[in-house]
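Q: Please take a close look at one part of this model. Start from the strand pairing, then work outward to the rest of the fold.

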Amino acid sequence: MTEDLWATFTDELAELLPQLDVRDTVILISEPLYVQFQQLPTVLTVEAASNYALPPEHQLTADAERHLAALGWNPPDPPSYYNWRCEFRWPMPGQEAVALAGMLTETLRTVMRIASPHDLERQRFTA
């Protein structure tokens, strides 16, 4: 059942990503863990919480950080960037949206160990 929930969640993300308007921001949170993305005029910026933002009991392990890097996330680079991040060209082709949705799901589910999409609070706003 959880597999089906994550598959549906991934499909919904893949549909949402290409439809974002400029300055649309989406945050998917299971306190204190989160991923967020914001549509800018020519790129979609995507971030995942790093140990800079996480309390000690939720710190990412070295294995989790290696997994993020393997998924394609760029590591934090303070003081410019305190989160894991990546950027995608805009407009985003459907195939790229499907790949990014899978990356976000893998990050939430496997790296951040969120049990179900139902455990996520979703925030969407225009900045």
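A: Thr 45 stands opposite Glu 87 in β4. This pairing belongs to a predicted model. Thr 45 sits in β3, the strand made of residues 43-48. Its partner strand β4 covers residues 84-89. The two strands run antiparallel, and 6 bridges join them.

Now turn to the other partner of β3. Strand β2, residues 33-39, also pairs with β3. Here 5 bridges are found, and the direction is again antiparallel. Val 35 stands opposite Ala 48 in this pairing. The link between β2 and β3 is a hairpin, and 3 residues make the connection. β3 thus has bridges to β2 and to β4.

How many of the 6 residues of strand β3 are buried? The count is 5, so the rest of the structure largely encloses this strand. Buried here means a relative accessible area under 20%.

Next, follow the chain into β4. The loop between α2 (62-71) and β4 holds Pro 75. Is Pro 75 buried, partly exposed or exposed? Its relative accessibility is 43%, so Pro 75 counts as partly exposed. That value lies between the 20% limit for buried and the 50% limit for exposed. Beyond its neighbours within four places in sequence, Pro 75 is in contact with Asn 83, Trp 84 and Arg 85. Trp 84 and Arg 85 fall within the residue range of β4. From Pro 75 to Leu 100 the chain runs 25 residues, and their C-alpha atoms are separated by 17 Å.

Stay with β4 for the charged pairs. Arg 89, within the range of that strand, forms a salt bridge with Glu 96. The closest N and O atoms are 3.1 Å apart. Arg 89 is exposed, because its relative accessibility of 53% is over 50%. This pair is one of 4 salt bridges in the count.

Another bridge joins the side chains of Arg 109 and Glu 3, at 2.4 Å from N to O. It spans 106 residues and links distant parts of the chain, with Arg 109 in helix α3 (residues 94-111) and Glu 3 in helix α1 (residues 2-16). Arg 109 is partly exposed at 29% relative accessible area. Glu 3, at 51%, is exposed.

Arg 124 and Asp 24 make a further salt bridge, with 3.1 Å between the closest N and O atoms. This pair also links distant parts of the chain: Arg 124 lies in strand β5 (residues 121-126), Asp 24 in strand β1 (residues 24-30), and 100 residues separate them. Why does Asp 24 count as buried? Its relative accessibility is 5%, and buried means under 20%, so Asp 24 meets the cut-off.

Last, the largest pocket. Its volume is about 220 Å³. The elements that give two or more residues to its lining are α2 and α3. α2 gives the most, with 3 residues. This is the helix that precedes the loop of Pro 75. The lining has 13 residues in total. Those nearest the centre are Leu 60, Thr 61, Ala 64, Val 111 and Arg 113. By class, 5 lining residues are nonpolar, 5 are polar and 3 are charged.

Note on methods:
Residues numbered from 1 in each chain as written. Predicted model: local features only at pLDDT ≥ 70, side-chain atom pairs only at ≥ 80, totals over all residues. Heavy atoms only, no water. Buried < 20%, exposed > 50% of the residue type's maximum accessible area, 1.4 Å probe, protein only. Helix = DSSP H or I, 4+ residues; strand = E, 2+ residues; numbered from the N terminus. Pairing = 2+ DSSP bridges. Contact = heavy atoms within 4.5 Å. 1 Å grid on protein atoms, 1.4 Å probe; cavity = no way out; pocket = protein on both sides within 12 Å on 5 of 7 lines; lining within 4 Å. Points joined across faces, edges and corners; volume = space filled by probe spheres on them. Nonpolar A, V, L, I, M, F, W, Y, C, P; charged D, E, K, R; others polar.
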